[in-house]
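Hello,

Here is the structure we talked about handing over. My notes on the sheet and one of the helices follow below.

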Amino acid sequence: MQYRLKTLLCLVRNNSITFQLRNTMADYQHQLPKVVFVLGGPGAGKGTQCANIVKEFDFLHLSAGDLLREERKKPDSKYGQLIEDCIKRSKIVPVEITLNLIRIAMAQSGKDKFLIDGFPRNKDNLDGWNLIMGKDVNLLFVLFFNCSTETCIERCMKRGAEGSGRADDTSDVIQKRIQTYLNESLPIVQHYENSGLVRKIDASRSADEVFEDVKQLFQSIKDEQEIHPSSN
């Protein structure tokens with residue numbers, strides 16, 4: 001009997017320690033900056049929806065593409081020409097450059113909720129993120145705007161015709177971007193889908209219809225945060 005009591009006490013203590021560790025890890029996760037990756041083909045509407053999310057849910061939108069374009073314009077940037085060449089050739093910029101720009105933007109923002117748009121775009125991006133930043137953030141999920149290649153091309157061409165001013169909104173470049181997306185970015189979505197982290201949205205509809213689905217998704221995050229507020 002005494003042996004059984006000791007065994008039972010041991011189990012209770014161990015379960016208590018396990019429970020405390022789980023709570024500690026949960027608290028730690030809630031204190032980390034919260035990140036949502038936003039992925040989808042060129043013209044899928046990522047930027048439009050991110051702007052809506054920012055207004056409604058107080059996330060900070062960090063577009064990997066915009067950060068790179070801004071860096072390219074700086075006259076004293078040591079990466080400017082490399083970024084320009086990558087964009088024109090529809091190549092993915094080295095992950096070290098993109099991650100450095102994202103990290104700086106996050107640190108300077110004073111925010112703790114981030115939409116990272118257009119990243120990670122390939123396995124190199126994914127491996128770099130996991131190595132350099134993966135443990136320093138709480139990745140909530142991957143928001144994937146799904147629409148057909150035809151719709152993506154049509155939207156990009158329309159954007160270019162309306163004077164977007166983007167070097168990558170021309171016919172030849174769009175075709176290259178689509179191939180890069182299919183060959184390199186879609187496998188990243190599939191990787192996260194296997195981990196149960198992808199939230200897929202049908203992006204073929206109007207922006208307002210798409211945002212109705214997006215709102216439901218982010219409202220659930222907001223409700224969760226009200227139950228478990230961050231101590232930051």
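**The sheet**

Strands β2 and β3 (residues 113–117) run parallel and are joined by four bridges. One residue pair can be named here: L62 has I116 in β3 as its bridge partner. Please keep in mind that this is a predicted model.

Helix α2 (residues 46–57) packs on the sheet, where it touches β1 (34–40), β2, β3 and β4 (138–146). The direction of α2 makes about 175° with that of β3.

As a whole, the sheet is open and has five strands in the order β2-β3-β1-β4-β5, with parallel pairing. Its edge strands, β2 (60–63) and β5 (198–202), each pair on one side only. From one strand to the next, the twist averages 25°. As background, the strands of a sheet pair through backbone hydrogen bonds, and the pairing is either parallel or antiparallel.

**Helix α4**

Which residues of helix α4 (residues 80–88) are buried? They are G80, I83, E84, C86 and I87. Seen down the axis of α4, these buried residues fall within an arc of 165°, so they line one face of the helix. They pack against three helices: α3 (64–73), α5 (95–109) and α8 (171–194).

One backbone detail belongs with this helix: S90, just after α4, takes a positive phi of about 55°.

Regards

Note on methods. Residues numbered from 1 in each chain as written. Predicted model: local features only at pLDDT ≥ 70, side-chain atom pairs only at ≥ 80, totals over all residues. Heavy atoms only, no water. Buried < 20%, exposed > 50% of the residue type's maximum accessible area, 1.4 Å probe, protein only. Helix = DSSP H or I, 4+ residues; strand = E, 2+ residues; numbered from the N terminus. Arc of directions from axis to C-beta. Contact = heavy atoms within 4.5 Å. Pairing = 2+ DSSP bridges. Axes fitted to C-alpha atoms, helices over the stretch in contact; angles between N-to-C directions.
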